[in-house]
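Thanks for coming. I will go through one model today, starting with its aromatic residues and then moving on to charges, surface and overall make-up.

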Amino acid sequence: MSANATARAGLHQPWQRFTPAERGMRSVFYLITIIAVVWSLQTIAIIPEFLYDAPQQTADLFARMWPIDWAWYPKVVHPALIETLHTATLGTVLAVVLASLVALMVARNITGSVVLNTIGRFILVATRSVHAMIWALFFVAVFGPGALAGTLAIAVHSIGFTGKFLSEAIEEAKPGPIEALIAAGASPLGVLIKGYWPQVKPAFLAIVMFRWDINVRESAVLGLVGGGGIGMALDTALSNLYWDQAGLVLLVIFSVVIVAEIATAWVRARII
């Protein structure tokens with residue numbers, strides 16, 4: 001067959017979005033997903049009777065929360081809210097300091113040691129793989145209930161997230177300014193401050209603000225396990241079945257999360 005005939009035959013071949021192998025892999029993926037969903041539904045043992053009256057129970061619960069007990073805010077909720085914000089802020093600051101050191105260990109363009117890279121990556125994986133609630137339970141057992149346990153839980157859990165993205169930002173730094181500083185005889189600290197920091201600064205600030213926003217949300221519920229803050233006020237209200245006070249705490253938490261989101265967006269737009 002001539003080249004022209006082969007080309008004409010190729011033009012008449014039907015177009016297919018996926019190859020037979022890709023269609024087979026997609027089918028296997030869909031089948032595994034269906035099996036996982038069915039298996040999960042059987043495992044969690046859903047009781048149909050509880051689902052039937054769920055709308056009625058939800059409406060009854062919100063009815064018990066109204067009217068909200070506003071008199072409870074200055075006595076209990078406000079001090080707990082301030083403690084929650086302090087926990088999130090101090091936890092974020094401590095996490096940034098520790099995560100920066102780990103990020104320097106993980107960044108391959110700064111640390112060439114395989115041992116240090118491995119240790120740093122292990123720290124990042126270990127800290128972020130354990131939920132903040134679990135860390136809070138651990139520190140409550142060590143230091144007792146209170147804001148200290150919540151602050152340390154927020155800090156340790158945030159190391160993995162902050163260190164991972166910061167190390168990636170360091171590795172993406174352009175080598176030109178770094179090589180120029182090294183050729184000029186700059187010290188390692190000078191290379192970090194004058195070479196890496198100007199390139200990493202926007203990403204660093206974005207990571208810190210985003211992590212603080214997350215920590216405000218997480219610290220609001222750490223009190224349920226003894227981590228201090230507004231979560232302890234919520235736990236007290238729920239334990240005593242004071243639904244009007246629980247409604248107040250939930251409203252305050254929702255408002256704080258919205259305000260924190262707006263504040264972080266405003267700061268990022270002005271600074272970064």
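**Aromatic pairs and their surroundings**

Searching the whole structure gives seven aromatic pairs. Take Phe161 and Phe165: their ring centres are 4.8 Å apart and the planes make an angle of 50°, so this pair is classed as tilted. I should say at once that this is a predicted model, and that every number you hear from me is computed from it.

Where do Phe161 and Phe165 lie? Both are in helix H8, which covers residues 147-171. They are four residues apart, or about one turn of the helix. Their exposure is worth giving separately. Phe161 has a relative accessible area of 18%, and because buried means under 20%, Phe161 counts as buried. Phe165 comes out at 36% relative accessibility, which makes this residue partly exposed.

Each of these two rings also has a charged side chain over its face. For Phe161 that is Arg211, placed 5.0 Å from the ring centre. For Phe165 it is Lys164, at 5.2 Å from the ring centre.

There is also an aromatic cluster. Which residues do ring pairs link there? They are Trp135, Phe138, Phe139 and Phe143. Trp135 belongs to helix H7, residues 132-143. Its relative accessible area is 19%, so Trp135 is buried under the 20% cut-off. The C-alpha atom of Trp135 is 8.4 Å from that of Ala149, with their positions 14 residues apart along the chain.

**Salt bridges**

How many salt bridges are there? The count is three, and I will take them one by one.

We have already met Lys164 over the ring of Phe165. The side chain of Lys164 also forms a salt bridge with that of Glu168, with an N to O distance of 2.8 Å. Both residues are in helix H8, four residues apart, again about one turn of the helix. Are they buried, exposed or partly exposed? Glu168 is at 31% relative accessibility and counts as partly exposed. Lys164, at 28%, is partly exposed too.

Next is Arg211, the residue over the face of Phe161. Arg211 makes a salt bridge with Glu218, and the closest N and O atoms are 3.5 Å apart. Both Arg211 and Glu218 are buried.

The remaining bridge joins the side chains of Arg217 and Asp213, at 3.2 Å from N to O. Arg217 and Asp213 are in helix H10, residues 188-219, and because they are four residues apart there, about one helical turn separates them. Their exposure is as follows: Asp213 is buried, at 4% relative accessibility, whereas Arg217, at 38%, is partly exposed.

**A surface patch and a distance**

On the surface, Val93, Leu94, Val97 and Leu98 make a nonpolar patch of about 310 Å². Leu98 is in helix H5, residues 72-106. Leu98 has a relative accessible area of 36% and is partly exposed. A residue needs over 30% to be considered for a patch, so Leu98 passes that cut-off.

One residue of helix H12, which runs over residues 243-271, is Ala260. Ala260 is buried, with 5% relative accessibility. Its C-alpha atom lies 8.8 Å from the C-alpha atom of Trp212, although Ala260 and Trp212 are 48 residues apart along the chain.

**Overall make-up and confidence**

Now the whole protein. What secondary structure does it contain? There are 12 helices and zero strands, so the pattern along the sequence is α throughout, by the definition of those elements. The protein has 272 residues, and 33% of them count as buried.

On confidence, the mean pLDDT of the protein is 79, and 89% of the residues score at least 70. Which elements have the lowest and the highest mean pLDDT? Helix H1, residues 3-11, has the lowest, at 52, and H8 has the highest, at 86. Where pLDDT is low, the predicted coordinates should not be read in detail.

To go back to where I began, H8 is the helix that holds Phe161 and Phe165, and also Glu168 and Lys164. That is the end of my talk.

Terms used
Residues are numbered from 1 along each chain as its sequence is written. This is a predicted model: local features need pLDDT of at least 70, side-chain atom pairs count only at pLDDT 80 or more; totals for chains, interfaces and linings use all residues. Side-chain values use heavy atoms; hydrogens and water are left out. Rings of Phe, Tyr and Trp (its six-membered ring) pair if their centres lie within 6.5 Å; planes under 30 degrees apart count as stacked, over 60 as edge-to-face and the rest as tilted. Helices (H or I, at least four residues) and strands (E, at least two) are DSSP runs, numbered from the N terminus. Buried means under 20% relative accessible area, exposed over 50%, partly exposed in between (1.4 Å probe, protein chains only). A charge sits over a ring if NZ of Lys or CZ of Arg is within 6 Å of the ring centre and within 35 degrees of the ring normal. Patches are made of residues with over 30% relative accessible area and no salt bridge: like charges are joined within 9 Å, nonpolar side chains (Val, Leu, Ile, Met, Phe, Trp, Tyr) within 5 Å. Accessible areas come from the Shrake-Rupley method with a 1.4 Å probe; for residues, only the protein chains shown count as cover. A salt bridge is a side-chain nitrogen of Lys or Arg within 4 Å of a carboxyl oxygen of Asp or Glu. pLDDT is the predictor's confidence in each residue, from 0 to 100.
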